[in-house]
Amino acid sequence: MPAEHPARSAAGTGAPDARGAVLAARGVEKVFADGTQALAPVDLTVDEHEFLTLIGPSGCGKSTLLKMIAGLLAPTSGEVKRPALGGSGAGRLAFVFQEA
């Protein structure tokens with residue numbers, strides 16, 4: 001098992017730590033009105049100057065997570081914080097849709 005990134009956990013809990021992060025998602029989950037769970041709870045921290053790629057099969061929740069990060073879709077539970085953009089507010093953030 002790889003060593004845990006020192007800025008990734010709060011007090012050894014394994015939960016992401018937002019200190020110095022440009023993005024922190026904690027327990028972010030999406031369940032649609034029809035009961036479809038589009039995204040199981042996710043914890044994600046992205047630090048300044050990091051490059052991140054989300055890879056997974058079709059239907060696993062990649063676009064749903066990106067839409068929540070962009071503020072286009074509200075999570076059912078959990079929270080998304082973008083400290084570099086003033087918390088959860090608007091700022092310099094771009095999103096390119098995959099659909100044509």
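Colleague: What pattern does the chain follow, read along the sequence?

Modeller: Going along the sequence, you get β-β-α-β, so one helix and three strands, where helices (H or I, at least four residues) and strands (E, at least two) are DSSP runs numbered from the N terminus. Keep in mind that this is a predicted model, where local features need pLDDT of at least 70, side-chain atom pairs count only at pLDDT 80 or more, and totals for chains, interfaces and linings use all residues. Residues are numbered from 1 along each chain as its sequence is written, and side-chain values use heavy atoms, with hydrogens and water left out.

Colleague: How do I read the sheet, and in what order do the strands come?

Modeller: Strands of a sheet pair through backbone hydrogen bonds, either parallel or antiparallel. Here the order is β2-β1-β3 in an open sheet, with antiparallel pairing; two strands pair if DSSP finds at least two bridges between them. That leaves β2 and β3 as the edge strands, each pairing on one side only. From one strand to the next, the twist averages 15°. Axes are lines fitted to C-alpha atoms, for helices over the stretch in contact, and angles run from 0 to 180 degrees between N-to-C directions.

Colleague: Where does α1 pack?

Modeller: On the sheet: α1 touches β1, β2 and β3, and its direction makes about 55° with that of β2. Contact means heavy atoms within 4.5 Å.

Colleague: Which residues make up the largest nonpolar core?

Modeller: In soluble globular proteins, nonpolar side chains tend to be buried together. A nonpolar core is a set of buried Ala, Val, Leu, Ile, Met, Phe, Trp, Tyr and Cys residues joined through side-chain atoms within 4.5 Å. The largest one here has ten residues: Leu23, Ala25, Val28, Leu39, Leu44, Val46, Leu65, Met68, Ile69 and Val80. At least two of them come from each of β1 (21-31), β2 (37-47) and α1 (62-70). Leu65 touches residues including Val28, Leu39 and Leu44.

Colleague: Is Ser77 buried, partly exposed or exposed, and why?

Modeller: Ser77 counts as partly exposed because its relative accessibility is 28%; buried means under 20% relative accessible area, exposed over 50%, partly exposed in between (1.4 Å probe, protein chains only). Ser77 belongs to strand β3 (residues 77-81).

Colleague: What does Ser77 touch, not counting residues up to four places away in sequence?

Modeller: Gly27, Val28 and Glu29. Ser77 is also the bridge partner of Glu29, and four bridges join β1 to β3.
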